[in-house]
Structures are given as structure tokens and as C-alpha cells.
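Work through these exercises with the sequence and the 3D view open. Try each task before you read its solution.

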Amino acid sequence: MSQQDLKTVVVVGNGMVGYKFCEKLLAKTSAFNIVVFGEEPRHAYDRVHLSEYFNGKSADDLSMSHLGWYSENNIALHLGDTITEINRSEKVIHSLKGVSQPYDYLVLATGSSAFVPDIPGVEKDGVFVYRTIEDLDLIQNYAKAARKGAVLGGGLLGLEAAKALIDLGLEETHVIEFAPRLMPRQIDSAGSAMLQAKLETLDLKVHMNKSTSSILGDSNIKGLQFNDDTSLEVDMLVISAGIRPRDELAKLAGLETGTRGGIVVNQKMQTSDDSIFAIGECALYDGMIYGLVAPGYEMAEVVAAHLCAGERTFNGYDMSTKLKLIGVDVASFGDPFVTEPDSRSIVFEDSHKGVYKRINISNDGKYLLGGVLIGDADAYNILLQTVNNNILLPPNPEDLILGARGGEASAGAGVVTLPDEALICSCEAVSKGDICGAVTDLNVTTVEGMKKCNKAGTGCGGCVPLVKDLIHETLKANGTYIKNVVCEHFDYSRQELFDLMKLNKIKTYDAALDHFGKGDGCELCKPTVASILASLWNDVIVKQHTIQDSNDRYLANIQKGGTYSVVPRIPGGEITPDKLIVIGQVAKKYNLYTKITGGQRIDLFGAHLSELPDIWSELIDAGFESGHAYGKALRTVKSCVGSTWCRFGLHDSVSFAIEIEERYRGIRAPHKIKGGVSGCVRECAEAQSKDFGIIATEKGWNLYVAGNGGSKPQHAQLLATDIDKETCVKYLDRFLMFYINTADSLTRTATWLNKMEGGLSYLKNVVINDSLGINAQLEAEMQGLVDSYHCEWKEAVENPDLRKQFAHFVNAPKEKDPLVAFDTMREQVKAKEW
């Protein structure tokens, strides 16, 4: 059939959904001429990740295809040309530039525009909407001369716009929301309150229950006036108060539209004219406008299938969503608002860490109905699948948000138990069966390969962890060995690389790359190799400064405002008055903020980079050494006063804590390590929340391992009971060295043990029963590290070449960073807000 004989499909709108329709239709058939009209001057780009434009991504980076894609697929593309009329009787559309285009089928993908409230002064300079790349260019240029910005609207787009203003470096960013809570359509009141508190710690100022009466200023915005007689001084305003479907063209053509906007469609996405379809944010199905991209993609699939004589229909869409707002995880799934008597709720709330989780379950306790996650949304994917596939809940449904705590993992909670038809990637309508089939039949073994194969994970990206898990589980089920490589430059796991570097006595990153790698390396393998080098040879980490992150590079933690903090080691929390006086003198001399840490140390904040060697020198002279607060190494061994002072103490916990800390100080590991020693079961040192914990008993000591605090706290597990000190140290040597030898990079001991086949029973067999016959080797390796300890601060201070690295200006080593600024707080300094 010639091109002239093909039927013509005209698409009005070249946004994400319009582009996706073309892609889906081409995948099914080549039996149509496709003509696309786009109002914007550029081809389709990713609006979901629009805020990344301010983080360095270019318009090309956001593009959904290259410009040649349209011509390669015989699509006639008209950019920067608005359709002005649809002549339904003649089946012809007319454009602003004078193009008259006949059609057999017309697909309206006109999207939506920003809803701009009718507020007096809205036309002033400095007032913007947040919809297109052109809008972002205008915002970026205006922000250069602005100090205070505000966003009108506290929904998804409003908070994205607020992030954009923060990224542009405004001194103050405000969010103005008419409703009593943020994101009122997605999360409940308690979740919104937690989100608000979390955002306010990031210096975002939130104003609820605010109705804007006017925009102040002459030609330029100077502030906002509210109906409650309050006002707010701002230099610029971004309006993100919702969307309005672009249905004006449909109205002119006499198509049916909703009373509040939107082009009315049926299950086949047909409008009141059978030859005209509407998809995306302009389409009104069953009284609802869908403002997410995934429903738009599903609508595109329905129309493409219908044009190819398929039977697919649109029956509504799940509006569950997961995103990161200004660094804070936010998710809602299923029905987040259902309450008693229609359901029962389980709520976990941690205001200290800013975590809120709520799940709504059926009254019979069998099914998950929906929920809200704030601050920690790692469980979102599996929770969403549990709702969508009506999976029976485990006996303890709270495990879904708290994790299995000491018992067996909940049966049926894993991704493997999902039915094949479970929708994993909603953006591209990819099921579990599609993913597992690609692994088994097409040998797709990576997430990148899966993206190319069926586009899973190419939309919002929220499904990528689930896709990765499915690939690994399918490979495992097929008997395929799964290699957890460090990165593309080293085709080895961390454990394999550790062994190879040890056997071949590799002592530099370049040598490791030459022997076992390829390319130039990256931000994943460089710190991993540096950590392995330090764990193997206990060499000064700062000698590897070119491959380390900023904390290890400068032997200090970088803090807000570009300053550094100094943490001297205080074993067991015990310190003499003389040493306390020296810390006070140093803090006073260098104007440092001082604070007692949770690990019983003293942290000194506000040091300039060039001051670090001088500060260390004075502390070293007083007998201090590096506390390794910056390193993936032993941090602290916390202790109570034990039998030395406490009337309940059974043994001397302080002396034992000091002995342990001085034994393992400076030893590098895959992640940080913390310990604790308590003098009795009252556990004042919180030893069971540490990577290793030692608790006194009547007969000796109990040794616990693999616990941690943090965002996902986990109690340590009992490894040995009623052992003496020598045995305790021996078991600890083996446990820590086994961990250092076998754990993946950036894996805490708790996660390492959780993933270990056989769990605690296997670990006991290795560490206590020597089932692998390696305990003598582990003990010798640990003793070698203990014997080769050195204070990194001292090495840096005394080595002229290393000391040169601690200069902000190479040609003026004593000059401080002029951009560092401080405010005062309770008679101490604090970093000036960015």
C-alpha cells in the first residue's frame, strides 16, 4: 500500500502523552500516516523531572527522543504551530501558520495549562507559572536578582516549584497553601504535618490556611496581601495552584466538555465525535481529570489499540504516587483516606526522624486498602502491589511498615509471590510476567537492558527497585549465578576485589584499575577501592585523596556553610579535666561551636579548611587523636559508668569499652561501625542498638552483633552468652574481620547479616565453631591491623606534602574561604543559612 493510500492520524499536542501515543501506535503498525502539531518550539520532553533543569540537566537531557526520530519514523512534525480550528464535517484542521491538514482520525493531546487565580496584581513582573522549559528559563533569569520567593500552592507541583527556588539559591522560599494541609489530595493530616515539619527543617517556610487577596507592588511584585490582614514581603512568585485542561479547541469544534472543563471521553477515549479522541490531562473520563503521566500513557495505549482493531478499554486509573520532595520521601497508595468504620489503621510515627507511616486494612484484617508514607517510602512498591493484587496480609500486618522483628519474614511478602499479571511499571504498562519473560526468554539481565527491551522504568522511575529485584529473583530461580559487581569499571564484587587486591598486594587505586579494572573509574568504585586499601594495609586514607569523597579527603566532616567539624577520640566517653580544658581552649581560640554527641564525644563545628591542621596539632599535643567521625570505620564504643560508680553495675564497663575502642580504632570497613558496653541489663549504653554490643552478666559478658540505629533501627542479635573478656575480644575480632572481608560496600552489619544465607546460625558456626576453618586467619588479619594503627591527623600534620592539601587557596594557604559566614545562637556560632 502506498503512503497516499494510508489513513492519516493527526495528533494535536507534542507533550509526553502525545509522543507516547505515536510511539505506541508505531509499535503496533505502520498502516497510518502520522502528523503531529506541537504548540511549543521543541519536541517532546520529560515534564515529570522538570525541576532537574535547575540541577544542570539541559533541554536535550530531558528530551524523550532525538529530533531525527520523527523523520526516521515518517512522522510529519510541525513545531511552534497552534491549531486554531477543527472542521469536523470536512475532517480538516487549520493551524495558526496556515497549514490545513486533513485527517481520518484526530487525537487531542493538548494537555493542561496552569490554573492562575484571578488575584489583583497577577500581571506584575516577577509572577510566573511552572509548566514549561520556557517558564523555567524566565524563573531562572529573574531569580538572579531576587532574595525572597514564594510559591502559591502546596500540592505536588507547588512543592516541586519550591524545590526549584531553593536550588536557585534564594535566601528565603515560602509555600502558600489555601487548604489546612500540604498535598491535600494525596496524604492525610498527620502525614501532612510530618511533611511540613520535615520541610521546615530544610528552611522552607510553610503558610497554611492562607487566601491571597492581592499581589503588592507597582510594576514589579513586592509582596503578597492575605485575607487575614497579614502580608508577606517577596521578590518573586511562582503560581502552582492546579491545572486547567486545554479544552478550548474542542469547545470551538462543538465537542462535549465537562462543566468544570475537560473533553468528555468514553472507555475507548472517543469524544462525542467517533473520529476524534482525547488523551492525557485534557481528557475527562467518568467526571475525572487525571493529572499524572501514567494514566495518560494508558489512554494512549487504549487509542493505539482501538485504531488497530483491538479491544482495550480505559476503566479509570490508580492514582498512587511516590516521589521525593526537596529530599523527603512522600508516597500514597490505594485509598489513603479510608477510616473507621470502613477500615482499621496501623500508624507508625517518629517525629524525631521525620517518619510517618499509615496503612489502612480491611476490618477482617485480610487485605490492605491503602496508606501514606512520609520520610521513608522504601516499602511503597511492594505495598502498592499488595493493594492492587488483593494479596492476603501476613498474620502481623504491622510487619509491612515496621519489618519483621525477630520472627520469620512474612510469607508472601516478597516480589516473587506477585501474580504474573501484576503491573510493575504503570507508566509503560509492563507486568511482572513481561519482566520475568524478558529475563528467561531474551536473556535480559540488567535494569538498563530491561529499559531498552520493554521500557520498564523509563517513566517516573519509581518501579526500578522492583524491576531490579524481579531480574535478580528470576535469574536465581533459573539457576544463574548473580554477580554483584562494584560498577562498570570493575567486573567483580567487593568481596572478590578485596581478595584479589590482598593476594596481589595491590596498594594504590591506579594499580587496582590496571590489574583488575577498565576505563577511568567513577564515584562508586573510587571510594570502594580506597576503603579496601585502608582495610587491607591500614595506610593513611588521605594519601588516596584523589579517589575519596570530601569527608575522608580532609579527615573531617563537611558541614553547612562550607565549614568542617572536628571530633577527637574520647574512648568510652572518659576524659580528664585537663583534656576538657584543652578542648575548651581550642574551641575558644578558633571560635568553634561545641556539642556533646550521642556517642559520648565532643564535636567542634565551624572550622575552616585551612585551620584543620592547626587545630589537630593542638589537640594531638594534648594527647588526643582522630575520632574517625568522617570515616567508614569504628566511630565510638559507648559505655555506662558500670561497677566503677554505679550501684547496679556488675563489671567495669568503662575500662572494657576503652580497651575495645583502642583495639579497633582506625580500622576501615564497608560502613561505619559503632559499639557499646553496658555494666548491667539496664543497658544505659544502649549496646543492643549498635553493630556490636557487650552487656555484663553475673557470669561474664553477653555479646550482641549486627544492630544499628538510623532511619531503619534494628536490635543486635545475641551471639554468645556469659563469656569472659578474652573470649569476647576473640569473637569480636572474627566477627568484624569476617564482615570486612565479605560485606558489600556501604552495607551496615545489620543489613549484611539480614542478607546472609543462614543468618545468625550460620554466623555462629563461622565465628564460634570455625565451620569454614578461617578463624586463625581472621584473628591474624585483625591483629595486623591493630598493630599497624596510626593517627591520621598526626600523619597529615607532620607530612608537609599531605598538609598542603588543607589549603582553600593554593597560592595563599593561610587565607580562609571568604564565603563562610556565621550567625550567633545561644552564645555560640552557627553556620549562616544558605
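**Exercise 1.** Is W752 buried or exposed? Then describe its pairing with F738.

*Solution.* Keep in mind that this is a predicted model.

Step 1. Take the relative accessible area of W752, which is 7%. The cut-off for buried is under 20%. So W752 is buried.

Step 2. Do the same for F738. Its relative accessible area is 7%, and F738 is buried.

Step 3. Look at the two rings. F738 and W752 form an aromatic pair with 5.7 Å from centre to centre. The planes make an angle of 70°, and the pair is edge-to-face.

Step 4. Place the partners. F738 belongs to helix α22 (residues 725-742), and W752 to helix α23 (residues 749-755). The pair therefore ties together parts that are 14 residues apart in sequence.

Step 5. Widen the view. Ring pairs join F735, F738, Y739 and W752 in a cluster.

**Exercise 2.** Find how many aromatic pairs the structure holds. Then classify the pair of Y19 and W69.

*Solution.* Step 1. The count is 18 aromatic pairs.

Step 2. For Y19 and W69, the ring centres are 4.8 Å apart and the planes stand at 50°. Edge-to-face needs over 60 degrees, and stacked needs under 30. So this pair is tilted.

Step 3. Locate the residues. Y19 is in helix α1 (residues 16-28), while W69 is in helix α3 (residues 68-72). The pair thus ties together parts that are 50 residues apart in sequence.

Step 4. Check the burial. Y19 has a relative accessible area of 4% and is buried. W69 is buried too, with 13%.

**Exercise 3.** Which ring does the charged end of K20 sit over? Find the ring under K725 as well.

*Solution.* Step 1. The charged end of K20 sits over the ring of Y297, 5.0 Å from the centre of that ring.

Step 2. K725 lies over the face of F656. Here the distance to the ring centre is 5.1 Å.

Step 3. Follow F656 into its helix. F656 is one of the buried residues of α21.

**Exercise 4.** Test the length of helix α21 (residues 653-664) against the expected span. Then repeat the test for helix α16 (residues 525-537).

*Solution.* Step 1. Helix α21 has 12 residues, which should span 16 Å at 1.5 Å a residue. Its end C-alpha atoms are 17 Å apart, which agrees.

Step 2. Helix α16 has 13 residues. From first C-alpha to last, α16 reaches 18 Å, close to the expected 18 Å.

Step 3. Compare with the surroundings. In α21, nine of the 12 residues are buried, and the helix is mostly covered. In α16, 10 of the 13 residues are buried, and this helix is mostly covered as well.

Step 4. Name what covers α16. Its buried residues are covered by elements including α14 (494-503), α15 (509-516), α22 and α25 (775-787).

Step 5. Step past the end of the helix. Just after α16, N538 takes a positive phi of about 55°.

**Exercise 5.** Which residues of the largest nonpolar core touch the most other members?

*Solution.* Step 1. This core has 75 residues. F21, L108 and I279 touch the most other members.

Step 2. Find the main contributor. Helix α8 (residues 293-307) gives the most to this core, with nine residues.

Step 3. Look around L108. Leaving out residues up to four places away in sequence, L108 touches several others, including V12, I86, L249, F277 and I279.

Step 4. Apart from the largest core lies another one, of 60 residues. Among its members are C487, I694, A696 and L732.

**Exercise 6.** Where is S95, and is S95 buried or exposed?

*Solution.* Step 1. S95 is in strand β5 (residues 92-95).

Step 2. Its relative accessibility is 6%, so S95 counts as buried.

Step 3. List the contacts. Neighbours within four places in sequence aside, S95 is in contact with F37, D81, T82, I83 and T84.

**Exercise 7.** Judge how compact the protein chain is.

*Solution.* Step 1. The secondary structure comes to 27 helices and 39 strands.

Step 2. The radius of gyration is 31 Å, close to the 28 Å that the globule rule gives for 834 residues. So the protein chain is as compact as a globular protein of that length.

Step 3. Buried residues make up 52% of the 834 residues.

Technical notes:
Residues are numbered from 1 along each chain as its sequence is written. This is a predicted model: local features need pLDDT of at least 70, side-chain atom pairs count only at pLDDT 80 or more; totals for chains, interfaces and linings use all residues. Side-chain values use heavy atoms; hydrogens and water are left out. Helices (H or I, at least four residues) and strands (E, at least two) are DSSP runs, numbered from the N terminus. Buried means under 20% relative accessible area, exposed over 50%, partly exposed in between (1.4 Å probe, protein chains only). Contact means heavy atoms within 4.5 Å. Rings of Phe, Tyr and Trp (its six-membered ring) pair if their centres lie within 6.5 Å; planes under 30 degrees apart count as stacked, over 60 as edge-to-face and the rest as tilted. A charge sits over a ring if NZ of Lys or CZ of Arg is within 6 Å of the ring centre and within 35 degrees of the ring normal. The expected span of a helix is 1.5 Å times one less than its number of residues. A nonpolar core is a set of buried Ala, Val, Leu, Ile, Met, Phe, Trp, Tyr and Cys residues joined through side-chain atoms within 4.5 Å. The radius of gyration is taken over C-alpha atoms; the globule rule is 2.2 Å times the number of residues to the power 0.38.
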